[in-house]
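Let's work through some exercises on how the chains of an assembly meet. Try each task yourself before you read its solution.

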Amino acid sequence: MLKATVTGRIWSTKKISEVPAGSILEVQIDDSNSRLLAFDPLGCGEGEKVMIATGSVAAAWFPGKSPPIDALIIGSIDEAATKK
Amino acid sequence: MLKATVTGRIWSTKKISEVPAGSILEVQIDDSNSRLLAFDPLGCGEGEKVMIATGSVAAAWFPGKSPPIDALIIGSIDEAATKK
Amino acid sequence: MLKATVTGRIWSTKKISEVPAGSILEVQIDDSNSRLLAFDPLGCGEGEKVMIATGSVAAAWFPGKSPPIDALIIGSIDEAATKK
Amino acid sequence: MLKATVTGRIWSTKKISEVPAGSILEVQIDDSNSRLLAFDPLGCGEGEKVMIATGSVAAAWFPGKSPPIDALIIGSIDEAATKK
Amino acid sequence: MLKATVTGRIWSTKKISEVPAGSILEVQIDDSNSRLLAFDPLGCGEGEKVMIATGSVAAAWFPGKSPPIDALIIGSIDEAATKK
């Protein structure tokens, strides 16, 4: 998984119907210049540190037929306990 | 998913028959020098900001047997509401 | 697989229920600036050199329905015998 | 998919039996220093611009049991019509 | 696939039981600073140029239930015939 920080939210009106209802957040991968868009089932906020699972395992998390979603926030990282 | 900007369209006359009919666009990944070619089911235009799903989840979106397509535009990003 | 060094442990109280019980470690990929979070079934400690499998093969290792875990420590590397 | 240019051909006498008969070409990813080896079902030549699908979708293209092939040339790009 | 050069062998005493018996080699990706650990069914030696398949297609090559192996040497490259 990737450790990342939430930097914003994406809105999309024109999209394919298979994109699930819910939030898609923009995250910055820690110690990197890379950004990703990830589906957020947890209600994370800007600045929150999160764990991101990518690839087909993200899509497989959704019930029923897997949607075309390749990045999923699977948890929020408890800041105090993280050793850098 | 990746946030990208449409930069052009690719035409291919000599291709394998399993490539689905439709547009394949060239996109530039935001905050990166990387470019990808992505299948576009939405009719996006040059300069449009889009969300790209990659890997097997892109192929699995197509009805029937999955084609050898590993990048799919799943939505256009509403510019005004995007926080950078 | 990736060769990496364990650098810490991640704690997550707010997470999706499909994240399996167990340790998620932060690792630094050798000869790289990249870090990953990987599930650890072996009880590895900080500074330990490990092998990481990524992607759907990591998720498929778990019994039952595959969880949204895309990185798995599959072994600890015997230091003395490693040729660099 | 990746946009790439064919730079050569690879020959392999010592290989696992599941590698399909046919050409494996070396390609250079455009706007990048990365090279890949891709299976070529189209008879592409050196200098030709091609589209490459990677990952499990490349293997799934082959009839029968998927071979351990993770990159496939799916088309040749019509040069005149490409907008850079 | 990736073109790489074998640089050493990894030994692992403490590992999960699903890691198949056999060699795991360290390879350096050509024209890159990246290293990978790949399962070697061919008996390759240090300095040998090899083709590496990565991701789920590597795991799917193994008979029976796919192990958590995401990189596989599928062939040794005939040096004389390689055009750079």
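**Exercise 1.** Why do the copies, chain A and chain C, meet through different surfaces?

*Solution.* Begin with the ground rules. This is a predicted model, in which local features need pLDDT of at least 70 and side-chain atom pairs count only at pLDDT 80 or more, while totals for chains, interfaces and linings use all residues. Residues are numbered from 1 along each chain as its sequence is written, chains are lettered from A and ligands numbered from 1 in the order in which they are written, and side-chain values use heavy atoms, with hydrogens and water left out.

Next, look at the overlap. Only 4% of the interface residues of chain A are also interface residues in chain C, so the copies meet through different surfaces. The contact (heavy atoms within 4.5 Å) takes 27 residues from chain A and 30 residues from chain C.

**Exercise 2.** Find the rotation that superposes chain A on chain C, and name the kind of axis.

*Solution.* Copies are superposed by least squares on the C-alpha atoms of residues with pLDDT of at least 70 in both. A rotation of 72 degrees, with 0.0 Å of shift along its axis, brings chain A onto chain C with an RMSD of 0.0 Å. That is the relation of a five-fold axis.

**Exercise 3.** Describe the interface of chain A and chain C.

*Solution.* Start with area. The size of an interface is often given as the accessible area lost when the parts come together. Here the buried area (accessible area, 1.4 Å probe, that two parts lose on being put together, summed over both) is about 2,200 Å², and carbon and sulfur atoms give 56% of it.

Then turn to charges. There are 3 salt bridges (a side-chain nitrogen of Lys or Arg within 4 Å of a carboxyl oxygen of Asp or Glu) across the interface of chain A and chain C. A:Lys3 and C:Glu26 form a salt bridge through their side chains, at 3.5 Å from N to O.

Now ask which elements take part. On the side of chain A that touches chain C, strand S1 (2-10), strand S4 (49-54), helix H1 (56-60) and strand S5 (71-76) each supply at least two residues. Helices (H or I, at least four residues) and strands (E, at least two) are DSSP runs, numbered from the N terminus. S5(A) gives the largest share, 5 residues.

**Exercise 4.** Which element of chain E gives the most to the side that touches chain C?

*Solution.* First set the scene: chain E brings 30 residues to the contact and chain C brings 28 residues. The area buried between them is about 2,200 Å², with 57% from carbon and sulfur atoms.

Next, take the salt bridges, of which there are 3 between chain E and chain C. E:Lys14 and C:Glu48 are joined by a salt bridge between their side chains (2.8 Å, N to O).

Four elements of chain E each supply at least two residues to this side: strand S1 (2-10), strand S2 (23-29), strand S3 (35-40) and helix H1 (56-60). S3(E) gives the most, with 5 residues.

**Exercise 5.** How far apart are the nearest C-alpha atoms of chain B and chain C?

*Solution.* They are 10 Å apart, and these two chains do not touch. Chain C and chain D are not in contact either, and their closest C-alpha atoms lie 10 Å apart.
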